[in-house]
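Here are my notes on the model you sent, set out as numbered points. They move from a single side-chain contact outwards to the core and the sheet.

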Amino acid sequence: MAREQVLKSPVCPSGTRIIGGGYAQVGNWSGVMEKIAEHPVAEENRYLVGVNSVSPTAVTLKVFGVCQPS
């Protein structure tokens, strides 16, 4: 059974705006994961990553944003 998850980076600090970002897998994992979305969300001033996991094993991802002074 596939599990869709939406993960978000921390909000950019005051006086900055989100311009990019990404994600990194933490630890070892050999399951199947499909990225379904990855983009900055200007309204929330953070980065969003959506994944679909079909593995029964838990996966840990860290999502980060790249912020630029506005």
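1. In this predicted model, the side chain of S9 comes to 2.8 Å from the backbone nitrogen of Y47. S9 itself sits in the loop between β1 and β2 (16-26), and, leaving out residues up to four places away in sequence, S9 touches R46, Y47, V63, F64 and G65.

2. Is S9 buried or exposed? The relative accessible area of S9 is 1%, and because buried means under 20%, S9 counts as buried.

3. Two of the residues that S9 touches, Y47 and V63, also belong to the largest nonpolar core, whose seven residues are C12, I18, Y47, V49, V51, L61 and V63. Strands β4 (46-53) and β5 each supply at least two residues of this core, and the largest share comes from β4, with three residues. As a general background to this point, nonpolar side chains in soluble globular proteins tend to be buried together.

4. V63 deserves a separate entry. When neighbours within four places in sequence are set aside, V63 is in contact with L7, K8, S9, P10, G22, Y23, Y47 and V49; of these, Y47 and V49 are listed as members of the largest nonpolar core, while S9 is in the loop between β1 and β2.

5. Turning to the sheet, three strands form an open arrangement in the order β1-β4-β3, with antiparallel pairing. The edges are β1 and β3 (33-41), each of which pairs on one side only, and neighbouring strands of this sheet are turned by 15° against each other on average, with direction ignored. Between β1 and β4 the antiparallel pairing extends over six bridges, and V6 has G50 in β4 as its bridge partner.

6. Which residues does G50 touch? Not counting residues up to four places away in sequence, G50 is in contact with Q5, V6, E34, K35, I36 and A37. The C-alpha atoms of G50 and A37 are separated by 4.7 Å, although the two residues are 13 places apart along the chain. G50 lies in β4 and, at 2% relative accessibility, is counted as buried.

7. On confidence, the chain averages a pLDDT of 89, and 93% of the residues score at least 70. Confidence is lowest in strand β1 (residues 3-8), at a mean of 88, and highest in strand β5 (residues 60-69), at 94. When reading the points on the sheet, please keep in mind that β1 is one of its edge strands.

Terms used. Residues numbered from 1 in each chain as written. Predicted model: local features only at pLDDT ≥ 70, side-chain atom pairs only at ≥ 80, totals over all residues. Heavy atoms only, no water. pLDDT = per-residue confidence, 0-100. Helix = DSSP H or I, 4+ residues; strand = E, 2+ residues; numbered from the N terminus. Buried < 20%, exposed > 50% of the residue type's maximum accessible area, 1.4 Å probe, protein only. Polar contact = N/O pair within 3.5 Å; in protein donor to acceptor, adjacent residues only side chain to side chain. Contact = heavy atoms within 4.5 Å. Core = buried A, V, L, I, M, F, W, Y, C linked by side-chain atoms within 4.5 Å. Pairing = 2+ DSSP bridges. Axes fitted to C-alpha atoms, helices over the stretch in contact; angles between N-to-C directions.
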